[in-house]
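Reader: I would like a close look at one loop residue of this model, and then to be led outward from there to the rest of the fold. Please go slowly, and say where caution is needed.

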Amino acid sequence: MKTPQGLQALIDDGVIDEVLRPLKSGKEASVYVVRSGDEIRCAKVYKDMAQRSFQQRVQYQEGRKVRGSREARAIGKASKYGRKQQEVAWKNTEVDALYQLRVAGMRVPEPYGYFHGVLVMELVTDAEGFSAPRLGEVELSAEKAREYHGVLVRQVVLMLCCGLIHGDLSAYNVLVGPDGPVVIDFPQVVSAGGNNAARTMLLRDVNNLTAHLGRWAPELLDTWYGEEMWALFQAGELRPDTELTGEFTPDETEVDLDSIRQSINDAREEWLIRQQGREAAAED
């Protein structure tokens, strides 16, 4: 295929040898399957965000560290230079998170480097060597749903122990490899200790996964893993190997139980809408 403009510099520098095909394209990045020597990898080319997207991402930026006081002041003033630095920080966030989470033992693609605004990383494949499907695209047994839920809850715990929250976790940014789920897409990762919306985002992440996997294993819908791990995190008692029960006794004077359950229902409805859209597209 014709080499995309964003990847030509990597070929010129010998980082990759060939672009094989596009893998996916979203609002924030396009991903391509590339060859580097004898290895097949993927390259994520980040797009420049419009002002509208910049404003929508403000809540994710809270609590992130910025290199240099000048950059921090410019970002705070939302100047042209500040917005440019915000974009640079946004693109660097996923790279930094991948390296940190990989070291922590989390199931994420292995990063191979960040070159000219492009992240080169492991291509997650299925048992046959094809690009792995997303969790939202596969049918599961009740047993497999429970297994995947346990694995993914553990990934959320590992992230939280690193002081991070995915912030946009759902069945559509989890790939299913031969050994189980692999979590992807971290540009919106949130600081657990420095963002006022951290708890809300953590609960949303866990509820999204629970609502999806609960379609095959309904008993998962009665678990409280998000609340349990957040309470342990706040108390300084959460460890990577902490055994969770999924049980939690909330203080009803502080916790809006209806909102928590509503978020699960909203996530379930969103999945159904997307599923109906895919089915309609397949029929066409």
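Where in the chain is the place of Asp185?

Author: The model is a predicted one, and the place of Asp185 in it is the loop between β8 (180-183) and β9 (190-191). The backbone of Asp185 has a positive phi of about 65 degrees, although this residue is not a glycine. As for its surroundings, Asp185 has a relative accessibility of 18% and, because buried means under 20%, it counts as buried.

A second loop residue can be set beside it. His116 has a phi near 50 degrees, again a positive value in a residue other than glycine, and it is found in the loop between β4 and β5. Whereas Asp185 counts as buried at 18%, His116 has a relative accessibility of 53% and counts as exposed, since the cut-off for that class is over 50%.

The turn that holds His116 leads into a sheet. β4 and β5 form a hairpin with two residues between them, and the two strands run antiparallel, joined by four bridges. One of the pairs across this hairpin can be named, for the bridge partner of Gly113 in β5 is Val120. On the other strand that β5 pairs with, Ala43 stands opposite Val120, and there β3 (residues 39-46) and β5 (residues 118-122) pair in the antiparallel sense over five bridges.

Five strands in total form this open sheet, in the order β1-β2-β3-β5-β4, with antiparallel pairing. β1 (18-25) and β4 (111-115) stand at the edges and have a single partner strand each, so that one side of each is left without a neighbour in the sheet. From one strand to the next, the twist averages 25 degrees. Helix α1 (residues 5-12) packs on this sheet and touches β1, β2 (29-36), β3, β4 and β5, while its direction makes about 70 degrees with that of β5. Toward the β1 edge there is another hairpin, formed by β1 and β2 with three residues between them; six bridges join these antiparallel strands, and Lys24 stands opposite Val31 of β2.

Beyond the sheet, a helix pair deserves attention. Two packed helices are described by the angle between their axes and the distance between the axes. For α6 and helix α7 (residues 198-213), the angle is about 170 degrees and the axes lie 10 Å apart; an angle over 145 degrees counts as roughly antiparallel, and α6 and α7 are therefore described in that way. On the α6 side the contact is made by Ala145, Tyr148, His149, Leu152, Val156 and Leu160, and on the α7 side by Leu202, Val206, Leu209, Thr210 and Leu213. Sorted by class, this contact has nine nonpolar and two polar residues, and no charged ones.

A charged residue of α6 can be followed separately. Lys144 lies in this helix, which spans residues 142-161, and with a relative accessible area of 31% Lys144 is partly exposed, a value between the 20% and 50% cut-offs. Its C-alpha atom is separated by 8.9 Å from that of Ala217, although the two residues are 73 residues apart along the chain.

Further along comes helix α8 (residues 225-234), which is mostly covered, with seven of its ten residues buried. These buried residues are Tyr225, Gly226, Glu227, Glu228, Met229, Trp230 and Leu232. After α8 comes Gly236, whose phi is positive, near 75 degrees.

Seen as a whole, the protein has nine helices and nine strands, and buried residues make up 48% of its 284 residues. Among the contacts with a separation of 6 or more, 61% are between residues 24 or more positions apart.

The caution you asked for concerns confidence. The mean pLDDT of the protein is 85, and 74% of its residues reach 70 or more, but over residues 51-56 the pLDDT is below 50, and this stretch has four contacts in the model beyond near neighbours in sequence. Where pLDDT is low, the predicted coordinates should not be read in detail.

How values were computed:
Residues numbered from 1 in each chain as written. Predicted model: local features only at pLDDT ≥ 70, side-chain atom pairs only at ≥ 80, totals over all residues. Heavy atoms only, no water. Buried < 20%, exposed > 50% of the residue type's maximum accessible area, 1.4 Å probe, protein only. Axes fitted to C-alpha atoms, helices over the stretch in contact; angles between N-to-C directions. Parallel < 35°, antiparallel > 145°, perpendicular 65-115°, else oblique. Contact = heavy atoms within 4.5 Å. Nonpolar A, V, L, I, M, F, W, Y, C, P; charged D, E, K, R; others polar. Pairing = 2+ DSSP bridges. pLDDT = per-residue confidence, 0-100.
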